[in-house]
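These are my notebook entries on one structure, written down as I looked things up. I begin with a point of backbone geometry and then move outward to sheets, helices and the chain as a whole.

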Amino acid sequence: TLIEPYRSNVWTLADIVDYAKIATYAGMEYTADNGEKLLYDNLFAVPHEYLTQGVPSGTFAFVVDARQRDPYATFEMLQRLEWTEVEIDRATSPFVADGKRYDAGSYVIKMRQPRGNWAHQVLGTDRYPEVRDCADCPVLLPYAEATTSLPLQLGVDVAEIRTPFEARLERVTSVEPPRVTMPPAPGAKGAYLVRPESYGTIQIVSALQDANIPTFRGAKAFRAQGVDYPAGTYIVPATPQARHVLATASAKVGLPVTAVPRAPKVAGVQLKPQTRVGLMRGIGNMPGGWDMWQFDQYGINYDVVSAQDFQRGSLRELYDTIVISSGVSRDDIVEGLDPTQYDEAYAWAYGVGEKGWRKLRQFVRDGGTLLAIGDSVETAQQLFDLPMKPALPEDDDEFVTGGSLLHQEFDPNHPVAWGMPESWPVWLYDTQAWELTDDSGQVVSHYPAEGEVLASGYLRGAEHIRGATNVASFTVGKGEVVTYGSEITFRSLPRSQFNLLYNAIYHGPAAEVAAAAVQQLRPQFTPDGAPVRR
């Protein structure tokens, strides 16, 4: 069927509905006319080919090591495979593959199975081909993603094995979070400890926040009961209420809680009770919609920042931290929607004017925390004249990623990167890398200055991003600004990077605590969030 091009200058909601109806009816008609062929090709022939021959790449299997820095990420990855009917096996005894020994409990996903090609697509890494319509034409890239590597996006150590190996395996019939149990209560002077590596800890912290339970974090690595804990470890008083909350939240994400008879003597911070988070998103802002969904999933206490908030005095009275979603410009904030053209249903997105722009600046100077993601870094730079400049060329053909995973080096001793590994890929899609122009800002993460930059996907012009800054932190007045050049919350996919956001959400409003005070679990806030006066 030949579809006529759309020639009108107007595109309405009715046109959108008609467009969807045409596509739906066309799909139904095609299915009715080709049902037998579709059933044979899609439900028998293709799966049978992978079941008998494996995938064309020659990969034998993917092995998921039983020892992972983030057990919750491993669960979420395997759960997605289960949802799509991928066959998953678990080793019942140790085995060797490609010269490496794997413990019992490691997972094996063989490629010779009906969903083999799909499993290979989501578990492997990609090198997206460079395709052009002509020699001088721009590179043809997918709509948003040049890679679908789940292990890299979630933070799971997965090995691609090409050589066949023998192992005693059992079929996994149901994927569940790891089973964890609470340790015995350690006594009145004791504490519960939660490691910071997993992005699943966000849900534990959210539960502690909701229950108004004092929560501390160690600012440096420490050793307790013969175990080493990294900077950023959560330290919680061993009260009956805390025990109940930790037991419920840790079981949900499968992350262990340990107990020590005495809280560690390490300098750190106490999180502000029930930290108030604002999410700033412009009208029609898709990244902001994804950020709302993500905050809802992880139980973050947040409100969407509205134009009316700027009319109620100081923003500090409403929020401790404001997150600006990717794609929010100065015009979105200052000009916004015109009240004469949009009714009160859209009042939250009205412009706040120059006065509101100054109020946002004052929010940080008075002690607030502002986090800017992706394209919104430029907005933060304009707001505070931050000492940074774009590192990537303006010519779209000199530097291209098309939605890819690029290697990143982190400073795990910086509070924004607590719990992060020293290196792991980050997601970059059509946003900017930065260069700090003086030493007043702190680099939290940067792209490697040497070696391979691309981890999976497509990259043209790697020389332009080598050594460039991705995440940076700046002190502004009494407050803090954190900028994320890459879109770390892109459609909720790059979850291995989530800690970079949630660390900053809670750290900015936190109070510094001396080592002796942490050991005594001495609160720095009253239950309603006011600083304790001593």
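**Entry 1: positive phi values**

In which loop does D98 lie? I found D98 in the loop between β3 (95-97) and β4 (100-102); the model I am reading is a predicted one. I had gone to D98 on account of its backbone, where phi is near 50°, a positive value in a residue other than glycine. I then looked up its accessibility and noted that D98 is partly exposed, with a relative accessible area of 48%.

I made the matching check on Q225, which is not a glycine and yet has a positive phi of about 55°. Q225 sits in the loop between β10 (222-224) and β11 (227-229), and its relative accessibility of 60% makes it count as exposed, since the cut-off for that class is over 50%.

I added N212 to this page, because I came across it while reading helix α5: the residue follows just after α5 and takes a positive phi of about 60°.

**Entry 2: the sheet with β1**

How many strands does the open sheet containing β1 have, and in what order do they run? I counted 5, in the order β6-β1-β5-β2-β7, and the pairing is antiparallel. At its edges I placed β6 (158-161) and β7 (169-171), each of which pairs on one side only. From one strand to the next, the twist averages 30°.

Inside this sheet I followed the pairing of β2 (residues 89-91) with β5 (residues 107-110), which run antiparallel and are joined by 2 bridges. R90 has Y107 in β5 as its bridge partner. I also recorded what lies on the sheet: helix α2 (residues 71-83) packs there, touching β1 (61-64), β5 and β6, and the direction of α2 makes about 30° with that of β5.

**Entry 3: the sheet with β20**

Next I read an open sheet of 3 strands, antiparallel in its pairing and ordered β22-β20-β25. Its edge strands are β22 (426-428) and β25 (454-456), each pairing on one side only. Direction ignored, neighbouring strands in this sheet are turned by 45° against each other on average. For β20 (residues 404-406) and β25 I noted an antiparallel pairing over 2 bridges, in which L406 stands opposite L454 of β25.

**Entry 4: pairings of β24**

I followed β24 (residues 442-446) to β21 (residues 409-410), to which 2 bridges join it in the antiparallel sense; here E409 stands opposite H446. β24 is also joined by 4 bridges to β26 (residues 469-476), again running antiparallel, and on that side I found Q442 opposite S473.

**Entry 5: helix α5**

Is helix α5 largely enclosed or largely open? I found that 8 of the 10 residues of α5 (residues 201-210) are buried, so the helix is largely enclosed by the rest of the structure. The buried residues are T201, I202, Q203, I204, V205, S206, L208 and Q209. Their cover includes α2, β8 (191-194), β12 (234-237), α6 (240-253), α7 and α11.

**Entry 6: α7 against α11**

Two of the covering helices also pack on one another, and I looked up their geometry. Helix α7 (residues 286-298) and helix α11 (residues 498-507) make an angle of about 75°, with their axes 13 Å apart. They are therefore roughly perpendicular to each other, as that class takes angles of 65 to 115 degrees. Where they meet, Q294, F295 and Y298 of α7 face F498, L501, Y502 and I505 of α11 in contact. By class, I have 6 nonpolar residues, 1 polar and no charged ones in this contact.

**Entry 7: the chain as a whole**

Finally I stepped back to the chain, which has 12 helices and 28 strands. Its radius of gyration is 25 Å, close to the 24 Å that the globule rule gives for 534 residues, so the chain is as compact as a globular protein of that length. The C-alpha trace spans about 75 × 65 × 45 Å along its principal axes. Of the 534 residues, 49% are buried. I closed with the contacts between residues at least 6 apart in sequence, of which 77% join residues at least 24 apart.

Definitions and conventions
Residues are numbered from 1 along each chain as its sequence is written. This is a predicted model: local features need pLDDT of at least 70, side-chain atom pairs count only at pLDDT 80 or more; totals for chains, interfaces and linings use all residues. Side-chain values use heavy atoms; hydrogens and water are left out. Axes are lines fitted to C-alpha atoms, for helices over the stretch in contact, and angles run from 0 to 180 degrees between N-to-C directions. Angles under 35 degrees count as roughly parallel, over 145 as roughly antiparallel, 65 to 115 as roughly perpendicular and the rest as oblique. Contact means heavy atoms within 4.5 Å. Ala, Val, Leu, Ile, Met, Phe, Trp, Tyr, Cys and Pro count as nonpolar, Asp, Glu, Lys and Arg as charged, and the others, Gly among them, as polar. Two strands pair if DSSP finds at least two bridges between them. Buried means under 20% relative accessible area, exposed over 50%, partly exposed in between (1.4 Å probe, protein chains only). The radius of gyration is taken over C-alpha atoms; the globule rule is 2.2 Å times the number of residues to the power 0.38.
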